[in-house]
Amino acid sequence: MKSILITGGAGFIGSHTIRQFVRRYPDYHIVNLDKLTYAGNLENLKDVEDAPNYEFVKGDIYDAAFLKELFEKYRFDGVIHLAAESHVDRSISDPNEFIKTNVVGTVNLLNVAKDQWQGDFEGKLFYHISTDEVYGSLEEGGYFTEETPYDPRSPYSASKASSDHMVRAYYNTYKLPVVISNCSNNYGPHQFPEKLIPLFINNIRNNKELPVYGKGENVRDWLYVEDHAKAIDLIYHRGRIGETYNIGGDNEWRNIDLIRKLCEIMDHKLGRMAGSSAELITYVKDRAGHDLRYAIDCSKLKNELGWSQEVTFAEGLERTVDWYLENEEWLNHVLTGEYEEYYRKQYVER
Ligand code: NAD
Ligand code: TYD
């Protein structure tokens, strides 16, 4: 039986990855290590929490002594590392947590994997999940490929870039078997309502203003989260050691066009008059250092491993809106306390 550690499994992408692995691999023992920060939520995993091949452990990847005990207990064959501070706006107001978790936490994990696996890397793998934001910001033309030089511009992307560099350094220096993927913006059920799509769904639902940064002309490439989880499964099992794979949606949208589309869908779902949600659009001060455009060339993953996106944007957005409208209880639970304070600081007092 293989023993696999998935970090950050109570978060958005982590929970979809856990679900994918728990269901597909009954012969793996899957340990979900998560600190349960504001973004971590065990309600995301209700449908798999009793599975015999799944176990949750609460803990912090910043705590090296704790990680050592965990590895000694479970003797992991593989690590899929998703735990991170993941929101650009929070990284602008408080970069330090991003260094602690994304940089030091990743190095702690690399150290413990190297020490535990020392001399016997056969069948072992450290898979690091990263973002396309490490490549910087594009103008109108061009795409990020695996060869694009790193040019991170926010504290978040700089912390992820640092962690990517450390993962590659452990491959080169210690021959630690690693693989890295860099993915574009994800959307789907269970995403914390601080990121664009769930935040705006929630605000439309509550007839609250829709705060569009700057002119709304920034472009993102959107991928349905389950398609990302499938790519992670494929790369974990078939990716070449030492390689990097870009993952993307081939689905670029200007923020304002995406927001208008979301407003249309929500008007329809909520039985509101056409055009009424769009009246909530409010242009606010731009994000500091706001990257203009991200766009991913994911042909390597497609050609080498046969991956492709399965969920169209129309289908994915509809599924996402339906999920949030049907899961008010989930939303109400995550919208208390810390969230209210964050919202006030980010949008009311800024
Ligand atoms: P998320 O914020 O929803 O979840 C992060 C999880 O990590 C949470 O469950 C949190 O409790 C946990 N965590 C945070 N600090 C921890 C610590 N010190 N120790 C243990 N657990 C800790 O993030 P997400 O959107 O699911 O992103 C997951 C990964 O994918 C991140 O590494 C992120 O950089 C990367 N990524 C995200 C996107 C995206 O669009 N969301 C795109 C590309 C890559
Ligand atoms: P976000 O979901 O935070 O992802 P990222 O910054 O990692 O791409 O933001 C997506 C885009 O939406 C980005 O260009 C910033 C913009 N945005 C707004 O205009 N208003 C908001 O309230 C938020 C959260 C984001």
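The shell around ligand 2 is made up of nine nonpolar, five polar and six charged residues, in what is a predicted model. The shell around ligand 1 divides into 12 nonpolar, 12 polar and five charged residues. Besides these two ligand sites, the briefing covers an open sheet of seven strands with parallel pairing and two of the helices that lie against it, H5 and H7.

**Ligand 2**

- Ligand 2 is surrounded by 20 residues, of which Glu 133, Arg 220, Arg 287, His 290 and Tyr 347 are the closest.
- Two of its polar contacts involve side chains, with an oxygen atom of ligand 2 at 2.6 Å from an N or O atom of Glu 133 and an oxygen atom of ligand 2 at 2.7 Å from an N or O atom of Arg 220.
- A backbone contact is also present, in which a polar backbone atom of Pro 211 lies 2.8 Å from a nitrogen atom of ligand 2.
- The protein buries 98% of the 510 Å² that ligand 2 exposes when taken alone.
- Helix H3 (88-93), helix H6 (196-205) and strand S8 (210-213) each contribute at least two residues to the shell around ligand 2.

**Ligand 1**

- Around ligand 1 there are 29 residues, and those that come nearest are Ile 13, Asp 34, Ser 86, Tyr 156 and Lys 160.
- Polar backbone atoms approach oxygen atoms of ligand 1 at 3.0 Å in the case of Phe 12 and at 2.7 Å in the case of Ile 13, while a polar side-chain atom of Lys 160 is 2.7 Å from an oxygen atom of ligand 1.
- Taken alone, ligand 1 exposes 840 Å², and 97% of that is buried by the protein.
- Helix H1 (12-24), strand S5 (125-131), helix H5 (155-174) and strand S7 (185-187) each supply at least two residues of the shell around ligand 1, with the largest share, three residues, coming from S5.

**Sheet and packed helices**

- The strand order of the open sheet is S3-S2-S1-S4-S5-S6-S10; strands S3 (54-58) and S10 (244-247) each have a single partner strand, so one side of each is left without a neighbour in the sheet.
- From one strand to the next, the twist averages 20 degrees.
- Strand S2 (residues 28-34) pairs with S3 in the parallel sense over five bridges, and the bridge partner of Ile 30 in S3 is Tyr 54.
- Helix H5 packs on the sheet, where it touches S5, strand S6 (178-183) and S10, and its direction makes about 155 degrees with that of S5.
- Helix H7 (residues 225-238) lies across strand S1 (2-7), S2, strand S4 (78-81), S5, S6 and S10, and runs at about 145 degrees to S5.

Terms used
Residues numbered from 1 in each chain as written. Chains lettered and ligands numbered in written order. Predicted model: local features only at pLDDT ≥ 70, side-chain atom pairs only at ≥ 80, totals over all residues. Heavy atoms only, no water. Near = heavy atom within 4 Å. Polar contact = N/O pair within 3.5 Å; in protein donor to acceptor, adjacent residues only side chain to side chain. Areas by Shrake-Rupley, 256 points an atom, 1.4 Å probe, with all protein chains shown as cover. Helix = DSSP H or I, 4+ residues; strand = E, 2+ residues; numbered from the N terminus. Nonpolar A, V, L, I, M, F, W, Y, C, P; charged D, E, K, R; others polar. Pairing = 2+ DSSP bridges. Axes fitted to C-alpha atoms, helices over the stretch in contact; angles between N-to-C directions. Contact = heavy atoms within 4.5 Å.
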